[in-house]
Amino acid sequence: MIIKSSEFITSVADAKMLLAHEFSEIAVAGKSNVGKSSFINFLTASGKLAKTSKTPGRTRLINYFLINDKKDQKTFFLVDLPGYGFASAPKDEKAKWENLIENYFMRSKCIKNVFVLIDIRHEPTLDDKQMLKYLYYYNISFTLIATKADKLSKNAVTKRKAEIAASLSLGLDNVFIVSSEKKTGKEEILDRIDQILDC
Ligand code: GTP
Ligand code: MG
């Protein structure tokens, strides 16, 4: 898979207004501040396609990015979801985002896979586990991606990868490691996107 072009298409605040289109969608989900928007910028080699922030809770809408829009390319949407588990968000705001995410999964007809991002340094949270349970329940395929690998040594990355796989009952091959900061792990993710879009 080569990403030749990427374009922000629209933001949606209401799951009743989800974008109607004919392409596959790969959603990017995960705890607030885990690096979802940075990951999209890293994959698409774009510094500022998705807005990133040091402050958790930056992405509050569902953002659609169209990847590869020419005839000879594999076209799909990357969908940046609001982060969950943002502890200090006001309760009603939190409920609104969670509702939006849940409704997205229920209503969107074109989800091929969900990239579930977790910070490699931290144990998967209850919210992460709940998200995976939810995806299993609705039979939605997912890919587990550990972010911010640059924050650890090589040895620590290997150790954490095994711990995360064990904690989530996944095979080692099903845990991908990236650093959007140091731009590592991209080829494996692009191969994975190829597999996802081909099946
Ligand atoms: P929400 O939209 O609030 O849910 O956050 P998000 O998951 O989209 O996170 P975002 O991409 O905005 O990144 C959050 C913070 O983590 C920013 O300060 C990023 O610079 C930082 N960050 C993201 N990816 C990496 C990474 O691979 N390495 C390091 N060191 N920092 C990262
Ligand atoms: Mg974001």
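In what follows, Lys and Arg count as positive and Asp and Glu as negative, while His and the chain ends are left out. The model discussed here is a predicted one.

Q: How far apart are the mean positions of the positive and negative charges of the protein chain?
A: Happily, that counting rule is what we need here. The protein chain carries 31 positive and 24 negative charges. The distance between their mean positions is 4 Å.

Q: Which pattern of helices and strands does the protein chain follow along the sequence?
A: Let's start with the inventory: the protein chain has 5 helices and 7 strands. Read along the sequence, they give the pattern β-β-α-β-β-α-β-α-β-α-β-α.

Q: What radius of gyration does the protein chain have, set against a compact globule?
A: A compact globule with 199 residues would have a radius of gyration near 16 Å. The value for the protein chain agrees with that expectation, so the comparison ends on 16 Å.

Q: What share of the contacts with a separation of 6 or more comes from residues 24 or more positions apart?
A: A contact here means heavy atoms within 4.5 Å. Among contacts in the protein chain with a separation of 6 or more, the share from residues 24 or more positions apart is 73%.

Q: Is F65 buried or exposed?
A: The cut-off for buried is under 20% relative accessible area. F65 has 1% relative accessibility, so F65 counts as buried.

Q: How is the aromatic pair of F8 and F65 classed?
A: The structure holds 9 aromatic pairs. In the pair of F8 and F65, the centres are 5.7 Å apart and the planes are at 55 degrees. Planes under 30 degrees apart would be stacked and those over 60 edge-to-face, so the class that remains for this pair is tilted.

Q: Why does the pair of F23 and F77 tie together parts of the chain that are apart in sequence, and how many residues separate them?
A: F23 and F77 form a tilted pair, 6.3 Å centre to centre. F23 lies in the loop between β1 and β2 (24–30), whereas F77 sits in strand β4 (residues 76–80). The pair therefore ties together parts separated in sequence by 54 residues.

Q: Which of the two, F23 or F77, is buried?
A: F23 has a relative accessible area of 28%, so F23 is partly exposed. The other ring's residue has a relative accessible area of 4%, which makes the buried one F77.

Q: How far is E102 from K161 in space, C-alpha to C-alpha?
A: E102 is found in helix α2 (residues 91–107). In sequence, E102 and K161 are 59 residues apart. In space, their C-alpha distance is 28 Å.

Methods
Residues are numbered from 1 along each chain as its sequence is written. Chains are lettered from A and ligands numbered from 1 in the order in which they are written. This is a predicted model: local features need pLDDT of at least 70, side-chain atom pairs count only at pLDDT 80 or more; totals for chains, interfaces and linings use all residues. Side-chain values use heavy atoms; hydrogens and water are left out. Helices (H or I, at least four residues) and strands (E, at least two) are DSSP runs, numbered from the N terminus. The radius of gyration is taken over C-alpha atoms; the globule rule is 2.2 Å times the number of residues to the power 0.38. The place of a charge is taken as NZ of Lys, CZ of Arg, CG of Asp or CD of Glu. Rings of Phe, Tyr and Trp (its six-membered ring) pair if their centres lie within 6.5 Å; planes under 30 degrees apart count as stacked, over 60 as edge-to-face and the rest as tilted. Buried means under 20% relative accessible area, exposed over 50%, partly exposed in between (1.4 Å probe, protein chains only).
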